[in-house]
Amino acid sequence: MKFSKKIINEFLKYSALNCTEETVKQFSYDLHQFHNRAKEPTIDTITIKKIVDYTQYIKILPKGIGSRSSNDTQYIAPRTVARKITVIKNFFKFLNKVYDIGIVAEKIDIPKYSKPRMEYLSKPEFDNFLTLIKNKKEDREHKIRSVLLISLAYYTGMRLSELLSVKVEDILKDTKMQILGKGKVWRTVYYTKEIQNLTREYLKFRTTEIPISIFTKKQRKLKGKWDLLFIRHDDVGFGKWLSKSRVCWFFKEYSEDLGKKVHCHMLRHSFATFMLENDVSIRLIQELLWHKYITTTQSYVHISNSYAQREYDRVFKKQASY
């Protein structure tokens, strides 16, 4: 069988059944990168040795000249290397499953890497973060959108992609809603009446009458999907989908005042930790976050010092006789 773009596309179509569009795009990039480097005409000429050599190659592959994060040469993160090899391994699993040919995928080793320390905001830190945003010298229209998005992230544990897909009609119906999450699986998220009230306050700035621009004082022309909760408010893209990069940018901007780097996924960690410290069971937290494996949820036990201390005291202090 030829190692061609056609067979890669077959794998991508297969992956699309259970993965998001963004994930499939990443698979495509990783596999085409491997294809261009391997330069092998057929699948059966690809050996384990060649995959090991490719692993060593990408470990010392520079991120790119002129990296934003540093003027010095930086290399691909070990976690990214592991992801790229995992994609290759899954590709060969697919070939063996569908065509019963190719490398024995189980022999492909995924490089080990140390996971970064999981960071989160305590409830007082989160409250302080919100206060800093509310006190920021910024137009109320953008400020209330930021407060709503950050509050919804903290009190639901939703991923950024899930937050940006929330629809107005869904959040106003009840204090719970169904969202299509990772792996294209529907799950229920819960929130408070306060979140709903904040939503209504935010919606005052985006009525169907097409509000006046805070910049030009003229009526803005509506574009994009009006049914989404979070939209752009600039004159050029008013009503269009709010991008992830834009959200990440204002997280970075707000974090400067807090003195601690905050990102959306940190609020997901904060949600899980806060639930854990308030005696919510690990199994329920797994369900709320939609973790496939309980071991993923159990990692929050290790980062929650107060929870660990309380459980230790509960077990040992009552038995202490010395």
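1. Is Asn-96 buried, partly exposed or exposed in this predicted model? With a relative accessible area of 24%, Asn-96 is partly exposed, because buried residues fall under 20% and exposed ones over 50%. Asn-96 belongs to helix H4. Leaving aside residues up to four places away in sequence, Asn-96 touches Ile-101, Gly-102, Ile-103, Val-104 and Ala-105.

2. The chain as a whole may be described next. It contains 14 helices and two strands. Of its 322 residues, 39% count as buried. The accessible surface comes to about 19500 Å², and carbon and sulfur atoms account for 54% of that area. If one takes the contacts between residues at least 6 apart in sequence, 59% of them join residues at least 24 apart.

3. The reader should consult the confidence values before interpreting details. The mean pLDDT of the chain is 83, and 88% of the residues reach 70 or more. Helix H1 (residues 5–15) has the highest confidence, with a mean of 93, whereas helix H13 (residues 294–303) has the lowest, with a mean of 68. Over residues 65–71 the pLDDT is below 50, and this stretch has two contacts in the model beyond near neighbours in sequence.

4. Helix H4 (residues 78–98) merits separate attention. H4 has 21 residues, and the distance from its first C-alpha to its last is 30 Å, close to the 30 Å expected at 1.5 Å a residue. The buried residues of H4 are Val-81, Ala-82, Lys-84, Ile-85, Val-87, Ile-88, Lys-89, Phe-91, Phe-92, Phe-94 and Leu-95. These buried residues pack against H1, H2 and H3. After H4 comes Asp-100, which has a positive phi near 55°.

5. A surface feature involves the end of the same helix. Val-98, which is placed in H4, has a relative accessibility of 44% and therefore counts as partly exposed. Together with Met-1, Tyr-99 and Ile-101, Val-98 makes a nonpolar surface patch of about 300 Å². Ile-101 is also among the residues that Asn-96 touches.

6. Helix H11 (residues 264–277) offers a simple check of helix geometry. At 1.5 Å a residue, its 14 residues should span 20 Å, and the C-alpha atoms at its ends are indeed 20 Å apart, so the two values agree. Eleven of the 14 residues are buried, which means that H11 is largely enclosed by the rest of the structure. Among the buried residues are Cys-264, Arg-268, His-269, Phe-271 and Leu-276. Just after H11, Asp-279 takes a positive phi of about 65°.

7. Salt bridges may now be considered. How many salt bridges does a search of the whole structure find? The search finds 13. One of the pairs is Lys-244 with Glu-22, whose closest N and O atoms are 2.7 Å apart. Lys-244 lies in helix H10 (residues 244–258) and Glu-22 in helix H2 (residues 21–38), so this salt bridge ties together parts that are 222 residues apart in sequence. Lys-244 is partly exposed at a relative accessible area of 25%, while Glu-22 counts as exposed at 52%.

8. Another pair reaches across the sequence. Lys-260 forms a salt bridge with Glu-125, with 3.5 Å between the closest N and O atoms. The pair links distant parts of the chain, 135 residues apart: Lys-260 is in the loop between H10 and H11, and Glu-125 is in helix H5 (residues 123–134). Lys-260 has a relative accessible area of 24% and is partly exposed; Glu-125, at 32%, also counts as partly exposed.

9. A further pair lies within a single helix. Lys-49 forms a salt bridge with Asp-53, and the closest N and O atoms are 2.9 Å apart. Why are Lys-49 and Asp-53 separated by about one helical turn? The reason is that they are four residues apart in helix H3 (residues 48–59). Lys-49 is exposed, with a relative accessible area of 53%, whereas Asp-53 is partly exposed at 37%.

10. Finally, salt bridges also link Asp-30, Arg-83 and Lys-84 in a network. Lys-84 is one of the buried residues of H4.

Terms used. Residues numbered from 1 in each chain as written. Predicted model: local features only at pLDDT ≥ 70, side-chain atom pairs only at ≥ 80, totals over all residues. Heavy atoms only, no water. Expected span 1.5 Å × (residues − 1). Buried < 20%, exposed > 50% of the residue type's maximum accessible area, 1.4 Å probe, protein only. Patch = residues over 30% accessible without salt bridge, like charges linked within 9 Å, V, L, I, M, F, W, Y side chains within 5 Å. Areas by Shrake-Rupley, 256 points an atom, 1.4 Å probe, with all protein chains shown as cover. Salt bridge = Lys/Arg side-chain N within 4 Å of Asp/Glu carboxyl O. Contact = heavy atoms within 4.5 Å. pLDDT = per-residue confidence, 0-100.
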